[in-house]
Amino acid sequence: AEIDYSEKLHELEKKLKEEEQFLQWIRKLLASEWFRQKASPEVVRVKEKKKEEVEEKILKIKEEIAAI
């Protein structure tokens, strides 16, 4: 079966946009003094780990896009 590269590219770009929006949100949250004061250290650690995971996902998506 032939791969539809334009559709694959469109899917990846959509996924990239969603992940970048989520990353932007999590960065704002972590930059919030209010959040850091109110949240437990464990919650902050979980959000920081999630931020790193999303950053890695974004890199992988960008690599996939570059390979198309």
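# Reading salt bridges and cores

Mentor: Let's start with glutamate 64, which counts as partly exposed because its relative accessibility is 37%. Keep in mind that this is a predicted model.

Trainee: Thanks! Which residue forms a salt bridge with glutamate 64?

Mentor: The general idea comes first: side chains of opposite charge can pair when their charged atoms come close. Here the partner of glutamate 64 is lysine 8, and their closest N and O atoms are 4.0 Å apart. Glutamate 64 belongs to helix H3 and lysine 8 to helix H1, so this pair ties together parts that lie 56 residues apart in sequence. Lysine 8 is also partly exposed, because its relative accessibility is 35%.

Trainee: Which lysine pairs with glutamate 20?

Mentor: Glutamate 20 makes a salt bridge with lysine 62, with 3.9 Å between the closest N and O atoms. Since glutamate 20 sits in helix H1 and lysine 62 in helix H3, the pair ties together parts 42 residues apart in sequence. Glutamate 20 is partly exposed at 34% relative accessibility, and lysine 62 is partly exposed at 43%.

Trainee: How should I read a salt bridge inside one helix, and where do glutamate 53 and lysine 50 lie?

Mentor: An α-helix has 3.6 residues a turn, so residues three or four places apart point the same way. Glutamate 53 and lysine 50 are 3 residues apart in helix H3, which means about one helical turn separates them. They form a salt bridge, with the closest N and O atoms 4.0 Å apart.

Trainee: How many salt bridges are there in the whole structure?

Mentor: A search of the whole structure gives 9. There is also a salt-bridge network that links Arg27, Lys51 and Glu55.

Trainee: Now for the interior. Which residues make up the largest nonpolar core?

Mentor: To read a core, look for buried nonpolar residues joined through side-chain atoms within 4.5 Å. In this model the largest one has 7 residues: Leu12, Leu16, Leu23, Ile26, Val54, Ile58 and Ile61. Helices H1 and H3 (41-67) each supply at least two residues of this core, and H1 gives the most, with 4 residues. Another core, of 5 residues, lies apart from it and includes Leu30, Phe35, Ala39 and Val44.

Trainee: What covers the buried residues of H3?

Mentor: The buried residues in H3 include Val44, Val54, Ile58 and Ile61, and their cover includes H1 and helix H2 (33-38). As for length, H3 has 27 residues and reaches 39 Å from its first C-alpha to its last, close to the 39 Å expected at 1.5 Å a residue.

Trainee: Is glutamate 19 buried or exposed?

Mentor: Buried means under 20% relative accessible area. Glutamate 19 has 12% relative accessibility, so this residue counts as buried. Glutamate 19 lies in helix H1, and its contacts beyond four places in sequence are Val54, Lys57, Ile58 and Ile61. Seen from the other side, isoleucine 61 touches Leu12, Lys15, Leu16 and Glu19, again leaving out residues up to four places away.

Trainee: What does leucine 29 touch?

Mentor: Leucine 29, in helix H1, is in contact with Phe35 and Lys47 when residues up to four places away are not counted. This leucine is buried because its relative accessible area is 18%. Its C-alpha atom is 9.9 Å from that of glutamate 48, 19 residues apart along the chain.

Trainee: And which residues form a nonpolar patch on the surface?

Mentor: Ile3, Tyr5 and Ile68 do, with about 310 Å² of accessible area together. Tyrosine 5 belongs to helix H1 (residues 5-31).

Definitions and conventions. Residues are numbered from 1 along each chain as its sequence is written. This is a predicted model: local features need pLDDT of at least 70, side-chain atom pairs count only at pLDDT 80 or more; totals for chains, interfaces and linings use all residues. Side-chain values use heavy atoms; hydrogens and water are left out. Patches are made of residues with over 30% relative accessible area and no salt bridge: like charges are joined within 9 Å, nonpolar side chains (Val, Leu, Ile, Met, Phe, Trp, Tyr) within 5 Å. Accessible areas come from the Shrake-Rupley method with a 1.4 Å probe; for residues, only the protein chains shown count as cover. A salt bridge is a side-chain nitrogen of Lys or Arg within 4 Å of a carboxyl oxygen of Asp or Glu. Buried means under 20% relative accessible area, exposed over 50%, partly exposed in between (1.4 Å probe, protein chains only). Contact means heavy atoms within 4.5 Å. The expected span of a helix is 1.5 Å times one less than its number of residues.
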